[in-house]
Amino acid sequence: MAGENYIPTVDFNYDTGILEISGESYHEYTIEFYQPIFDWLNKYLSEPNRTITFNFRMTYYNTSTSRRFLEIFDILEEYQNEKGGKVTVNWYYQKDDVDMLESGEEYSEDVDLTFNLLPY
Amino acid sequence: MEKDFKVYSFYKQMQVNSVILSFKGAVSQDLLSRLAGSLKKKSLKDDPNIGRRIFSIFIELSQNVHLHSAEKSYSLAEDRPIGVGFLLVSEAEDCYWVSSSNLVKKEKVEHINNRCVHINSLDEESLKAFYKEQRRAPQRTDSPGANIGLIEMVRKSNNPLDVQFFDMDNDTSIITLTVKLNKPKILN
């Protein structure tokens, strides 16, 4: 899925297990917008023992999106705990963006996943 | 329009108060992305962190208007009624102001006001805890919003929410929500 200025770019690779979401996300109806993403993810994770790298490379997202991201992390955490998955989250932030770094830190406190906070 | 309304004085007031952006009308997704884009170009060049925070607060206020304004306009593009309101970003010597204004049903005034008073009473740590708790709470069934926008605005600005209500008619009020963002102090 290619992004516009309020819709993120979503690139999920079925074969490599590298899932990436990047850009801006401030759609007003994120429940509807993110539904296909959750559908894909749930189908992908029905197979146990996958190794997954989830890259977040966001420049901005609204509070509505913030809930959807937490839901993604919950799904990944459950996959790791119950289906033998190995999940790594790479949270990228522009090196001067203190708020984006803090947002990544706060997610890492809320779920039990390997989180790398990576400036670029 | 009442006959004493003067476009000139309205415009002059905006000039004198260094208004960066103002809009009144239906806050559609498409319009919001255009306004936000122009705001980003203007504000990011000074200080990237302040610019990003203005952008973020502007989006949250705009989406509150879109979702919660009691005045709606049907959008063909979005195929649903969307909120009508007023958005304003202005600059002073030591800060920026980001505001929204829209109609609200009187029965909702007390709840909104109580929520703002509660959020304004919290220190940084309690605000973070409240944010996390509310983000974890189940999605409200009557709104697609995340219910953390007001908290986010205070966390981004480090200033209290300025919320005010004015009577419009028997069952409607005007709400104004203003967030102040301090500019970084320049040391001499």
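This note goes through a predicted two-chain model, from confidence and overall folds to the contact and a few single residues.

1. Conventions. Residues are numbered from 1 along each chain as its sequence is written, and chains are lettered from A and ligands numbered from 1 in the order in which they are written. Because the model is predicted, local features need pLDDT of at least 70 and side-chain atom pairs count only at pLDDT 80 or more, while totals for chains, interfaces and linings use all residues.

2. Confidence. The predictor assigns the complex an ipTM of 0.93 and a pTM of 0.94. For chain B, the mean pLDDT (the predictor's confidence in each residue, from 0 to 100) is 92, and 97% of the residues score at least 70. Within chain B, helix 2 has the lowest confidence, with a mean of 84, and strand 5 (residues 162–167) has the highest, at 98.

3. Chain A, overall. Three helices and five strands make up the secondary structure of chain A; helices (H or I, at least four residues) and strands (E, at least two) are DSSP runs, numbered from the N terminus. Their order from the N terminus is β-β-α-β-α-β-α-β. The radius of gyration, taken over C-alpha atoms, is 14 Å for chain A, in agreement with a value near 14 Å for a compact globule of 120 residues; the globule rule is 2.2 Å times the number of residues to the power 0.38. Along the principal axes, the C-alpha atoms fill a box of roughly 35 × 25 × 25 Å.

4. Chain A, packing. Of the 120 residues in chain A, 32% are buried. A residue is buried if 20 or more other C-beta atoms lie within 10 Å of its own, exposed if 12 or fewer, and partly exposed in between, with C-beta atoms placed from the backbone. Two residues are in contact if their C-beta atoms, placed from the backbone, lie within 7 Å. Among contacts in chain A with a separation of 6 or more, 71% join residues 24 or more positions apart.

5. Helix 2 of chain A. This helix covers residues 63–82, and its end C-alpha atoms are 29 Å apart, which agrees with the 28 Å expected for 20 residues; the expected span is 1.5 Å times one less than the number of residues. Buried residues in helix 2 of chain A include A:Phe69, A:Ile72, A:Phe73, A:Leu76 and A:Tyr79. After the helix comes A:Gly84, with a positive phi near 70°.

6. Chain B, overall. Chain B has six helices and six strands, in the order α-β-α-α-β-β-β-α-α-α-β-β from the N terminus. Its radius of gyration is 17 Å, close to the 16 Å that the globule rule gives for 188 residues, so chain B is as compact as a globular protein of that length. The C-alpha trace spans about 55 × 50 × 30 Å along its principal axes. Buried residues are 30% of the 188 in chain B. Residues 24 or more positions apart supply 60% of the contacts in chain B with a separation of 6 or more.

7. Core. The largest nonpolar core holds 54 residues, and B:Ile54, B:Phe58 and B:Val98 have the most contacts inside it. Such a core is a set of buried Ala, Val, Leu, Ile, Met, Phe, Trp, Tyr and Cys residues joined through C-beta atoms within 7 Å. Helix 3 of chain B (residues 48–68) gives the most to this core, with seven residues. Outside its neighbours within four places in sequence, B:Ile54 is in contact with B:Leu39, B:Ser43, B:Val89, B:Tyr96, B:Val98 and B:Leu181.

8. Contact between the chains. It takes 21 residues from chain B and 20 residues from chain A. On the side of chain B that touches chain A, helix 3 of chain B has the largest share, 10 residues.

9. Positive phi. Most residues other than glycine have a negative phi. A:Asn49, however, has a positive phi near 65°; A:Asn49 sits in the loop between helix 1 (30–44) and strand 3 (51–61) of chain A and is exposed, with 9 other C-beta atoms within 10 Å. B:Asn147 also has a positive phi, of about 65°. B:Asn147 lies in the loop between helix 5 and helix 6 of chain B and is partly exposed, with 17 C-beta neighbours inside 10 Å.
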